[in-house]
Amino acid sequence: MKRHLAVLTLALCMGGCVAPPTNPAVPFRGFDPVAKLHYSLLDSTRKGPVIAVWFLPDDRNARQMVEFLELLQRTYKEGFSIIGLVVGNDDQTVEAFKKHQPNFPLITDFAGDFAQKYGFKFSPSVILVSRDSSTLVRFEGYDAEGLKTLNKALAKEIDKPLTEIDTGTGVQRTAFVWRN
């Protein structure tokens, strides 16, 4: 029975996966070179759930993800926050900020530590972390099913009625190659 449950869980998680609430989020601290502020993923959850989006600075799918996350902000207005993480250096993060113009902070992930901690291999990648620091959703790429799962889990977590949002179809993502 356990083997079948594991296979079913894996099959359901291929797009966007709503992780069990016992899955603790990995701590991550970073610096936003635009606002000149330090951020902590887990400290940010004290104010409500946090969506963390990780992407490569030149990823063609990043702008589409930023637009979707900003649509979530306009739809639900409050009760959660978004933190962007850009792999590279502070100059690349500033350039990504200029290019994508998000209305949320972008933190530099110098060595791809955040992505490595979560096992991300594609950009953009997203997690939703609850107030109690559990990872609720995790998916890679601009994934229509993952975005729908994120929308549903976020609405539930902030106790607001679900608003259906057009996510398009399919998956668009950029592979990330780790360099040693």
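Start with the middle of things: the largest nonpolar core has 29 residues, and Ile-51, Leu-69, Leu-72 and Leu-150 touch the most other members. Keep in mind that this is a predicted model. From that core we'll move on to a second core and its aromatic rings, then to one helix, and finally to a couple of buried polar residues.

**The largest core**

- Which elements give two or more residues to this core? They are β4, α3, β5, β8 (125–129), β9 (135–140) and α6 (144–157).
- The biggest giver is α3, with 7 residues.
- Leu-150 is a handy place to look around from: leaving aside neighbours within four places in sequence, Leu-150 is in contact with Ile-51, Phe-68, Leu-69, Leu-72, Val-126, Leu-128, Val-137 and Phe-139.
- As general background, nonpolar side chains in soluble globular proteins tend to be buried together.

**A second core and the aromatic rings**

- Separate from the core above is a second one of 17 residues, with Leu-41, Trp-54, Ile-107 and Tyr-118 among them.
- Searching the whole structure turns up 5 aromatic pairs.
- Take Phe-114 and Tyr-118: their ring centres are 4.9 Å apart and their planes sit at 45°, so this pair counts as tilted. Tilted is the label for planes that are neither under 30 degrees apart (stacked) nor over 60 (edge-to-face).
- Both Phe-114 and Tyr-118 belong to helix α5 (residues 113–118), where they are 4 residues apart, or about one turn of the helix.
- Are these two buried or exposed? Phe-114 is buried at 1% relative accessibility, and Tyr-118 is buried too, with a relative accessible area of 11%.
- Zoom out a little and ring pairs link Phe-28, Trp-54, Phe-114, Tyr-118 and Phe-120 into a cluster.

**Helix α4, face by face**

- Helix α4 covers residues 90–100, and its buried residues are Thr-93, Ala-96 and His-100. Look down the axis of α4 and those buried residues fall within an arc of 60°, so they line one face of the helix.
- What sits over the buried residues of α4? The cover includes β4 (50–55), α3 (62–76), β5 (81–87) and β6 (106–109).
- Turned away from the buried side is a face carrying the exposed residues Asp-91 and Lys-98.
- The N-terminal end of α4 is capped by Asn-89, which has a side-chain oxygen 3.0 Å from the backbone nitrogen of Asp-91.
- Just past the other end of the helix, Gln-101 takes a positive phi of about 45°.

**Two buried polar residues**

- Asn-151 is found in helix α6, and with a relative accessible area of 3% Asn-151 is buried, because anything under 20% counts that way.
- What does the side chain of Asn-151 reach? It reaches the backbone oxygen of Thr-163, at 2.8 Å.
- Setting aside neighbours within four places in sequence, Asn-151 is in contact with Leu-72, Tyr-76, Leu-162, Thr-163, Glu-164 and Ile-165. Leu-72 has already come up here, as one of the residues that touch the most other members of the largest core.
- Ser-134 sits in the loop between β8 and β9, and Ser-134 is buried as well, with a relative accessible area of 5%.
- The side chain of Ser-134 has a polar contact with the side chain of Asp-132, at 3.0 Å.

Conventions:
Residues numbered from 1 in each chain as written. Predicted model: local features only at pLDDT ≥ 70, side-chain atom pairs only at ≥ 80, totals over all residues. Heavy atoms only, no water. Buried < 20%, exposed > 50% of the residue type's maximum accessible area, 1.4 Å probe, protein only. Arc of directions from axis to C-beta. Contact = heavy atoms within 4.5 Å. Polar contact = N/O pair within 3.5 Å; in protein donor to acceptor, adjacent residues only side chain to side chain. Core = buried A, V, L, I, M, F, W, Y, C linked by side-chain atoms within 4.5 Å. Phe/Tyr/Trp six-rings, centres within 6.5 Å; stacked < 30°, edge-to-face > 60°.
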